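Visitor: I should like to go through a protein model residue by residue, with the reasoning set out at each step. Please show the sequence and the structure.

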Amino acid sequence: MQHACEQNQQNRDGVQLLAVSKTRPAEQLRAAFACGQYRFGENYLQEALDKQLQLQDLAIEWHFIGPIQSNKTRALAEHFDWVESVDRLKIARRLSEQRPPNLPPLQICLQVNLDNEANKAGVSLDELSALAAAITPLPNLQLRGLMAIPAKREGFEDQKASFLRLKQALNELRQQLPQTPLDTLSMGMSADLEAAIAAGSTQVRIGTDLFGPRDQKMST
Ligand SMILES: *Cc1c(COP(=O)(O)O)cnc(C)c1O
């Protein structure tokens with residue numbers, strides 16, 4: 001991250017590291033926390049809840065970044081600080097209604113399906129503006145920005161070009177919703193974090209490059 005910021009004239013303080021800890025046992029999160037990492041991203045609700053129980057003594061900021069089914073919204077609203085994968089109004093309404101009143105508003109990002117891939121979650125760029133306008137009045141949510149997983153591209157310039165489309169979409173939302181603090185552009189993973197930072201990412205979501213390759217099974 002430091003290197004990518006230097007190479008691309010970006011301010012290192014402007015880019016956060018979200019440690020993506022899906023499939024990793026709680027001890028690995030505890031070890032990362034001991035190194036100063038406190039933002040963790042999880043994709044699977046039950047797995048995350050199990051780890052949260054084991055790590056109750058740590059002041060972790062929990063981000064949910066996986067696909068959302070509507071029967072899971074209550075647990076997300078109760079147990080997470082951020083949900084970065086909101087992609088439809090029904091889910092947003094439920095998260096707002098189910099957010100416990102003693103907690104601060106749930107911080108959310110809208111997940112954008114930049115390449116309209118059938119197998120990926122996310123709102124299309126065409127529908128983004130209407131969705132954001134419908135969500136901002138919901139009382140217990142705070143819309144913070146956009147998240148995307150672009151289609152896989154090999155070269156730095158091609159990767160950067162897709163990330164710039166998300167950046168452009170955020171800029172347009174800022175004009176549309178000047179009262180909303182849209183400060184978050186969550187983009188870049190292990191394979192493309194340099195291009196994401198070059199395009200203005202404010203949060204890279206890194207799993208493999210922090211914890212090693214993921215086992216398909218949960219056993220290790
Ligand atoms: C798994 C995952 C990541 C991390 O991917 P790596 O390639 O392991 O860095 C980031 N974002 C989302 C949404 C993910 O599901």
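Visitor: In which element is L76 found, and is L76 buried or exposed?

Guide: In this predicted model, L76 is found in helix 4. Residues under 20% relative accessible area count as buried. L76 has a relative accessible area of 1%, so L76 is classed as buried.

Visitor: Which residues is L76 in contact with, leaving aside its neighbours within four places in sequence?

Guide: L76 belongs to helix 4. Its contacts beyond four places in sequence include L45 and L106. The full set is L45, F64, I68, V83, L95 and L106.

Visitor: How far apart in space are L76 and Y44, C-alpha to C-alpha?

Guide: Along the sequence, L76 and Y44 are 32 residues apart. In space, the distance from C-alpha to C-alpha is 10 Å.

Visitor: What covers the buried residues of helix 3?

Guide: Helix 3 covers residues 45-54, and its buried residues are L45, E47, A48, L49, K51 and Q52. One of these, L45, is also in contact with L76. The cover over the buried residues includes helix 2, strand 2, strand 3 and helix 4.

Visitor: How many residues of strand 5 are buried?

Guide: Side chains in a regular strand alternate between the two faces of the sheet. In strand 5, L106, I108, L110 and V112 lie on one side and Q107, C109 and Q111 on the other, and both faces are covered. The number of buried residues in strand 5 is 7 of 7.

Visitor: Which residue stands opposite I108, and in what direction do strand 4 and strand 5 run?

Guide: Strand 4 comprises residues 82-86 and is joined to strand 5 by 3 bridges. The residue opposite I108 is V83. The two strands run parallel.

Visitor: What is the handedness of the crossover from strand 4 to strand 5?

Guide: Strand 4 and strand 5 run parallel. Between them the chain passes through helix 5, residues 89-98, in a β-α-β crossover. That crossover is right-handed.

Visitor: What is the bridge partner of L106 in strand 6?

Guide: Strand 5 is joined to strand 6, residues 141-148, by 7 bridges, and the two strands run parallel. In strand 6, the partner of L106 is L141.

Visitor: Through which helix does the chain cross from strand 5 to strand 6?

Guide: The path from strand 5 to strand 6 forms a right-handed β-α-β crossover. The element between the two strands comprises residues 125-135 and is helix 6.

Visitor: Why does Q111 count as buried?

Guide: Q111 is found in strand 5. Beyond four places in sequence, Q111 touches E84, S85, V86, D87, A121, G122, V123, M147 and I149. Q111 counts as buried because its relative accessible area is 5%.

Visitor: With which side chains does the side chain of Q203 make polar contacts?

Guide: Q203 is found in strand 8, and with a relative accessibility of 0% Q203 is buried. Among the residues in contact with Q203 are Q16 and S186. The polar contacts of its side chain are with the side chain of Q16 at 3.5 Å and with the side chain of S186 at 2.9 Å.

Visitor: Where does T202 lie, and which backbone nitrogen lies 2.8 Å from a polar atom of its side chain?

Guide: T202 lies in the loop between helix 8 and strand 8. Its relative accessible area is 19%, so T202 still counts as buried. The residues that T202 touches include G14, V15 and L185. The backbone nitrogen 2.8 Å from a polar side-chain atom of T202 is that of L185.

Visitor: How much of the accessible area of the ligand does the protein cover?

Guide: The residues around the ligand include S190, R205 and T208. Polar side-chain atoms of S190 and T208 each lie 2.5 Å from an oxygen atom of the ligand, whereas one of R205 lies 2.9 Å from a nitrogen atom of the ligand. On its own the ligand has 390 Å² of accessible area, and the share covered by the protein is 91%.

Technical notes: Residues numbered from 1 in each chain as written. Predicted model: local features only at pLDDT ≥ 70, side-chain atom pairs only at ≥ 80, totals over all residues. Heavy atoms only, no water. Buried < 20%, exposed > 50% of the residue type's maximum accessible area, 1.4 Å probe, protein only. Helix = DSSP H or I, 4+ residues; strand = E, 2+ residues; numbered from the N terminus. Pairing = 2+ DSSP bridges. Right-handed = clockwise from strand over helix to strand, strands pointing away. Near = heavy atom within 4 Å. Polar contact = N/O pair within 3.5 Å; in protein donor to acceptor, adjacent residues only side chain to side chain. Areas by Shrake-Rupley, 256 points an atom, 1.4 Å probe, with all protein chains shown as cover. Contact = heavy atoms within 4.5 Å.
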